Amino acid sequence: MSIIGVGIDVAEIDRFRVSLERTPGLAERLFLERELVLPSGERRGIASLAARFAAKEALAKALGAPAGLHWTDAEVYVEDSGRPRLRVTGTVAARAAELGVSSWHVSLSHDAGVASAVVVAEG
């Protein structure tokens, strides 16, 4: 296996919150419904959403930032162990296949008003 791409992104949490409040429907354009809620059914917190948005940006960078990727074709989810993972479909899966990506590594963090993510595409 080799590294095909690496992406990193940061999102200022308060700025992200303001964007979601200012733009009706933005959350639904960026995230799948299951990304917006916790397993308990409660709405996911803004810091967690900002980290997921950063992961989607980092994913696009790991794929060379091609035009035409759909935000909802990348899903950030958490395994029972707590480990964040990526699930890709549609436009994102097609680009990943084109590059030979066979696995993903993702790390999320948020602290001091900033959310961040690193994505490694391996193939």
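**Figure 1. Ala65 in the loop between α4 and β2.** Ala65 is placed in the loop that joins helix α4 to strand β2 (74–78) of this predicted model. Its phi angle is near 50°, a positive value in a residue other than glycine. With a relative accessibility of 51%, Ala65 counts as exposed, because the cut-off for that class is over 50%.

**Figure 2. Ala112 in the loop between β4 and β5.** A second alanine, Ala112, is found in the loop between strands β4 and β5. The phi angle of Ala112 is near 55°, again a positive value in a residue other than glycine. Ala112 has a relative accessibility of 72% and therefore counts as exposed. The two strands that flank this loop, β4 (103–111) and β5 (114–122), are among the elements that cover the buried residues of helix α1.

**Figure 3. The buried face of helix α1.** Helix α1 comprises residues 13–22, and its buried residues are Ile13, Phe16, Ser19 and Leu20. When α1 is viewed down its axis, these buried residues fall within an arc of 120°, so they line one face of the helix. An α-helix has 3.6 residues a turn, so residues three or four places apart point the same way. The cover over the buried residues of α1 includes β1 (3–12), α2 (26–30), α4 (46–62), β4 (103–111) and β5 (114–122).

**Figure 4. The exposed side of helix α1 and Arg22.** Arg15, Glu21 and Arg22 are exposed on the other side of α1. Which helix holds Arg22? Arg22 is found in helix α1, and its relative accessibility of 58% is the reason why it counts as exposed. Between the C-alpha atoms of Arg22 and Thr89 the distance in space is 28 Å, while the two residues are 67 residues apart in sequence.

**Figure 5. Ile3 in strand β1.** Ile3 lies in strand β1. Is Ile3 buried or exposed? At a relative accessibility of 53%, Ile3 counts as exposed. Leaving aside residues up to four places away in sequence, Ile3 touches Val120 and Ala121. By contrast, the C-alpha atoms of Ile3 and Leu26 are separated by 32 Å, although these residues are 23 residues apart along the chain.

**Figure 6. The setting of the close-ups in the whole chain.** The secondary structure of the protein chain consists of five helices and five strands, and from the N terminus on the elements follow the order β-α-α-α-α-β-β-α-β-β. The radius of gyration is 14 Å, close to the 14 Å that the globule rule gives for 123 residues, so the chain is as compact as a globular protein of that length. Along the principal axes, the C-alpha trace spans about 40 × 30 × 25 Å. Of the 123 residues, 38% count as buried. Among the contacts with a separation of 6 or more, 55% are accounted for by residues 24 or more positions apart. The protein chain exposes about 6,600 Å², of which carbon and sulfur atoms supply 54%. The chain carries 14 positive and 16 negative charges, and the mean positions of these two sets are 2 Å apart.

Terms used:
Residues are numbered from 1 along each chain as its sequence is written. This is a predicted model: local features need pLDDT of at least 70, side-chain atom pairs count only at pLDDT 80 or more; totals for chains, interfaces and linings use all residues. Side-chain values use heavy atoms; hydrogens and water are left out. Buried means under 20% relative accessible area, exposed over 50%, partly exposed in between (1.4 Å probe, protein chains only). Helices (H or I, at least four residues) and strands (E, at least two) are DSSP runs, numbered from the N terminus. The arc is that of the directions from the helix axis to the C-beta atoms. Contact means heavy atoms within 4.5 Å. The radius of gyration is taken over C-alpha atoms; the globule rule is 2.2 Å times the number of residues to the power 0.38. Accessible areas come from the Shrake-Rupley method with a 1.4 Å probe; for residues, only the protein chains shown count as cover. Lys and Arg count as positive and Asp and Glu as negative; His and the chain ends are not counted. The place of a charge is taken as NZ of Lys, CZ of Arg, CG of Asp or CD of Glu.
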